[in-house]
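Reader: I'm new to reading protein structures and would like to go through one step by step. Could you show it to me and take my questions as they come?

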Amino acid sequence: MLNKLIWIFVLSIFMWSCAKEKEEDLISGLKLTGDKMADALVLAALTAPTCQFLTNENANTPIELGEGSISICSVVAASGSFSVKTSGSYEVSGNSGRQTLTSNNCNSKQFDFVVAFKDGNTELYSSSGGVNKQMTLETGKIYTIQSSGLVDPNNYKCSGLAVSSHISAYRLNVKKL
């Protein structure tokens, strides 16, 4: 009898420990890749709106927002123009890019690549502030997207050697409220 009680006790502990197995997926019950970090990257890529890149070639073509939202990115010091089809309340947000200068046997040097959203000479938003801003934008007005902070890598040397430059894009988001 005692032998049966011990077996029942051991089996119940075994079954209880198996039943307590926790599933710790990023989203419970949804396995994307099986790796939490990879799942987070996949979800971030799927939820982040795509960027319309501002380049030297398309800088003279105005960017127009109809409905919804738009994200504008750039890795060059080009100014662009922006307009909206519908007057109303908008939220403007974004983040600065970064330029990194590197060379062998030297410390890297970093510069913030800031984007500003302007109405004429009035700065309505800057990515250096780090705060989302709500504002009223009007149909028929042309707003300016202007960047600053990039340096000419030819002006920098490290132990007499040229430096290489890597630029990560700034991002400007405009969303109709």
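Reader: Let's start with one residue. Which strand does N173 lie in?
Author: Happy to, and keep in mind that this is a predicted model. If you look for N173, you'll find that residue in strand β14.

Reader: Is N173 buried or exposed, and what is its relative accessible area?
Author: The cut-off for buried is under 20% relative accessible area. N173 falls under that cut-off, so N173 counts as buried, with a relative accessible area of 18%.

Reader: Which side chains make polar contacts with the side chain of N173?
Author: One polar contact goes to the side chain of R171, at 3.2 Å. Another, at 2.6 Å, goes to the side chain of S71. Put together, the names you want are R171 and S71.

Reader: Where does S71 lie, and is it buried or exposed?
Author: S71 has a relative accessibility of 3%, so S71 counts as buried. Its place in the chain is strand β3.

Reader: What else does N173 touch, leaving out residues up to four places away in sequence?
Author: Besides S71, N173 touches I70. Over in strand β5, which covers residues 88-95, S93 stands opposite N173. The rest of the list of residues that N173 touches is E91, V92, S93 and G94.

Reader: These strands seem to belong together. What is the strand order of the open sheet?
Author: The open sheet has five strands, and their pairing is mixed. Neighbouring strands in this sheet are turned against each other by 30° on average, with direction ignored. Reading across, the order is β1-β3-β14-β5-β9.

Reader: Which strands stand at the edges of that sheet?
Author: An edge strand here has a single partner strand, so one of its sides is left without a neighbour in the sheet. That applies to the strand at 51-53 and the one at 133-137. Their names are β1 and β9.

Reader: How does β3 pair with β1, and how does β3 pair with β14?
Author: Three bridges join β1 and β3, and one of them makes C73 the bridge partner of F53. On the β14 side there are six bridges, including the one that pairs I72 with L172. So the pairing of β3 is parallel with β1 and antiparallel with β14.

Reader: How many residues of β3 are buried?
Author: β3 is largely enclosed by the rest of the structure, because most of its six residues are buried. The number is five.

Reader: Now β5. How many bridges join β5 to β14, and how many join β5 to β9?
Author: Both pairings of β5 are antiparallel. On the β9 side, L137 is the bridge partner of G88, and M135 is the bridge partner of Y90. The counts are six bridges to β14 and five to β9.

Reader: Which residues in the largest nonpolar core touch the most other members?
Author: In soluble globular proteins, nonpolar side chains tend to be buried together. The largest nonpolar core here has 22 residues, and strands that each supply at least two of them include β2, β4, β7 and β10. The members that touch the most others are F82, F117, L137, I145 and V174.

Reader: What does F117 touch, not counting residues up to four places away in sequence?
Author: Some of its contacts are among those core members, namely F82, L137 and I145. F117 also touches V92, M135 and L172. The rest of the list is T122, E123, L124, Y125, Y143 and T144.

Reader: I spotted I142 in a loop. What separation do the C-alpha atoms of I142 and S83 have?
Author: I142 is in the loop between β9 and β10. It touches S81, F82 and S83, not counting residues up to four places away in sequence. I142 and S83 are 59 residues apart along the chain, and their C-alpha atoms are separated by 5.2 Å.

Reader: Last one, about the whole chain. How many helices and strands does it have, and what share of its residues counts as buried?
Author: The protein chain has two helices and 14 strands. Among contacts between residues at least 6 apart in sequence, 65% join residues at least 24 apart. Of the 177 residues, the share that counts as buried is 27%.

Terms used:
Residues numbered from 1 in each chain as written. Predicted model: local features only at pLDDT ≥ 70, side-chain atom pairs only at ≥ 80, totals over all residues. Heavy atoms only, no water. Helix = DSSP H or I, 4+ residues; strand = E, 2+ residues; numbered from the N terminus. Buried < 20%, exposed > 50% of the residue type's maximum accessible area, 1.4 Å probe, protein only. Contact = heavy atoms within 4.5 Å. Pairing = 2+ DSSP bridges. Axes fitted to C-alpha atoms, helices over the stretch in contact; angles between N-to-C directions. Core = buried A, V, L, I, M, F, W, Y, C linked by side-chain atoms within 4.5 Å. Polar contact = N/O pair within 3.5 Å; in protein donor to acceptor, adjacent residues only side chain to side chain.
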